[in-house]
Amino acid sequence: MDAEMAMELVKHGLTLLFLDVPQHTLVGIDTQMFSVGPDFKGIKMIPPGPHFVYYSSSTRDGKEFSPIIGFFVDAGPSEVIVRKWDQQEERLVKVPEEEEERYCQAVRSLEFDRHLGPYNLSQYGDWKQLSNYITKSIIQRIEPIGGEITVASESTMRVNTPSTMMEKALDEQLNASRCSTPSDKSQMRGCYYTSIPRVIKRKGIHGQQLTSLNLDKTQLLESVLLEDYGGSEDLLLAELQFAYIAFLMGQSLEAFLQWKSLVSLLFGCTEAPFRTRSRLFAKFIRVIYYQLKQGLQKDCSDTNSGSTLLDDSWFSADSFLHRLFKDFFLLVQDASVVDGDLLSWTRKLKELLENNLGWEFQQNSAVDGMYFEDDDEFAPVVEMLDDPSSSVAPSV
């Protein structure tokens, strides 16, 4: 990058000014993480828009770390966000308004420029794939009071015994943490996630009809979309992305449980993917594909932060995800009509899981049900919904 272009990005990008942060503290933004050195005072050249900022304080030798604290921001061009390290609470806090204005002016005058690390623009595309549905209004709707997301504030939420490897890992981290007990529980609250029922219960419905409603969660999905998201599919996908980011980067157990609830709801539908909500499911599978593609990267930074917990033990063949994926792939295989985008992204997701995890999804026949020869009379019809009059057999 030449000097002129770099200066344009410095002037028009978002700047995070973090003052007095101790050495060895881990500071991250989006898919990037830094280990703080003696001259670090923040990050510059950040593209405007939504971002997730997170950090973890360390011991003096940099060997032990406290639970991550994270928060979402949605910044405009040339905006400066100022935080100062509180040594006693071991976290970043806001500064008084007058003081903040002076610091903002100093940043715009480039007084801090040599102390600011550049945002790695080569990773911005990955972040956009993870957050393309998140907007400022979504952040304001879901974020907790104060904006901070941390597993350290979730100790009161741990009611049930953790049932998955991920839940156990996050639970153990909370138990072992030196920050496991919030200093002021009255100010700590979780995110305002949408409540997703696990079981459908309706007055006047019993027996086989009630069983049918719980086996296919299409009606539950329609109800949640209408009552909680105003009919907007994109709002549901935005919450799915919000929860995954808070879980993957912020290591929030609450976020993981919400992500799991939404994923289970969508994969629990057998009618919606092929009839009423094929467009939603094509977008959903695309979102899941990029989430798992990022999560399966062993090291999402150059540090040993352990900021991702999506290791091979979590993706075991008996995990809830393996079961959900296997059932969904069979649904696609057996469907008589499949949206073209849905089929394409389902193939990509299946290949990602097979190549990265070595998962095998057994089919009902010797031939993989999602891959057919052009002249196969048993191949499903693939609908291209942008042109309702056209439908073609899938080709590889």
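This is a short tour of a predicted model, one selection at a time.

Since the model is predicted, local features need pLDDT of at least 70 and side-chain atom pairs count only at pLDDT 80 or more, while totals for chains, interfaces and linings use all residues. Residues are numbered from 1 along each chain as its sequence is written, and side-chain values use heavy atoms, with hydrogens and water left out.

**Stop 1: the sheet**

Helix and strand numbers here follow DSSP runs from the N terminus: helices are H or I with at least four residues, strands are E with at least two. Select strands 8, 7, 1, 4 and 9: you have an open sheet of 5 strands in the order 8-7-1-4-9, with mixed pairing. Strand 8 and strand 9 (117-118) are at the edges with a single partner strand each, so one side of each is left without a neighbour in the sheet. Two strands count as paired if DSSP finds at least two bridges between them. As a reminder, strands of a sheet pair through backbone hydrogen bonds, either parallel or antiparallel.

Now pick out strand 7, residues 80-86. Is strand 7 largely enclosed or not? Of its 7 residues, 5 are buried, so the rest of the structure largely encloses it. (Buried is under 20% relative accessible area, exposed is over 50%, and partly exposed is in between, using a 1.4 Å probe and protein chains only.)

On one side, strand 7 runs parallel to strand 1 (residues 14-19), joined by 5 bridges. Click L16 and you will find I81 of strand 7 opposite; for L19, the bridge partner in strand 7 is K84. Strand 7 also pairs with strand 8 (residues 91-93), this time antiparallel, over 3 bridges. There, W85 sits opposite L92. The two strands make a hairpin with 4 residues between them, and E90 in the turn has a positive phi of about 55°.

**Stop 2: helices on the sheet**

Keep the sheet on screen and add helix 2, residues 97-108. Helix 2 packs on the sheet, touching strand 1 and strand 7, and its direction makes about 120° with that of strand 7. A contact here is heavy atoms within 4.5 Å. Angles run from 0 to 180 degrees between N-to-C directions, and axes are lines fitted to C-alpha atoms, for helices over the stretch in contact.

**Stop 3: V73**

Next, select V73 in strand 6 (residues 69-75). V73 is buried, at 8% relative accessible area. Which residues does V73 touch, leaving out those up to four places away in sequence? They are L14, G49, P50, H51, V53, I81 and I139. Try a C-alpha to C-alpha distance to G147 as well: V73 and G147 are 74 residues apart in sequence and 9.1 Å apart in space.

**Stop 4: a hairpin and two loop residues**

Go to strand 2 (residues 26-29) and strand 3 (residues 32-35), which pair antiparallel over 4 bridges. I29 stands opposite Q32 in strand 3. This hairpin has 2 residues between the strands, and D30 takes a positive phi near 60°.

Two loop residues are worth a click too. D20 lies in the loop between strand 1 and strand 2; its phi is near 65°, positive in a residue other than glycine, and D20 is partly exposed at 47% relative accessible area. L110, in the loop between helix 2 and strand 9, likewise has a positive phi near 65°, and it counts as partly exposed at 32%.

**Stop 5: helices 8, 9 and 11**

Show helix 8 (residues 233-248) and helix 9 (residues 253-267). Their axes come within 8 Å and cross at roughly 140°. That makes helix 8 oblique to helix 9 (under 35 degrees is roughly parallel, over 145 roughly antiparallel, 65 to 115 roughly perpendicular, and the rest oblique).

For side chains, L236, E239, L240, A243, Y244, A246 and F247 in helix 8 meet A255, F256, Q258, W259, L262, V263 and L266 in helix 9. By class, that contact has 12 nonpolar, 1 polar and 1 charged residues. (Ala, Val, Leu, Ile, Met, Phe, Trp, Tyr, Cys and Pro count as nonpolar, Asp, Glu, Lys and Arg as charged, and the others, Gly among them, as polar.)

Last, add helix 11, residues 320-334. Helix 9 and helix 11 pack at about 20° with their axes 10 Å apart, and are therefore roughly parallel. From helix 9, F256, W259, K260, V263, S264 and F267 meet F320, L321, L324, F325 and F328 in helix 11. The contact divides into 9 nonpolar, 1 polar and 1 charged residues.
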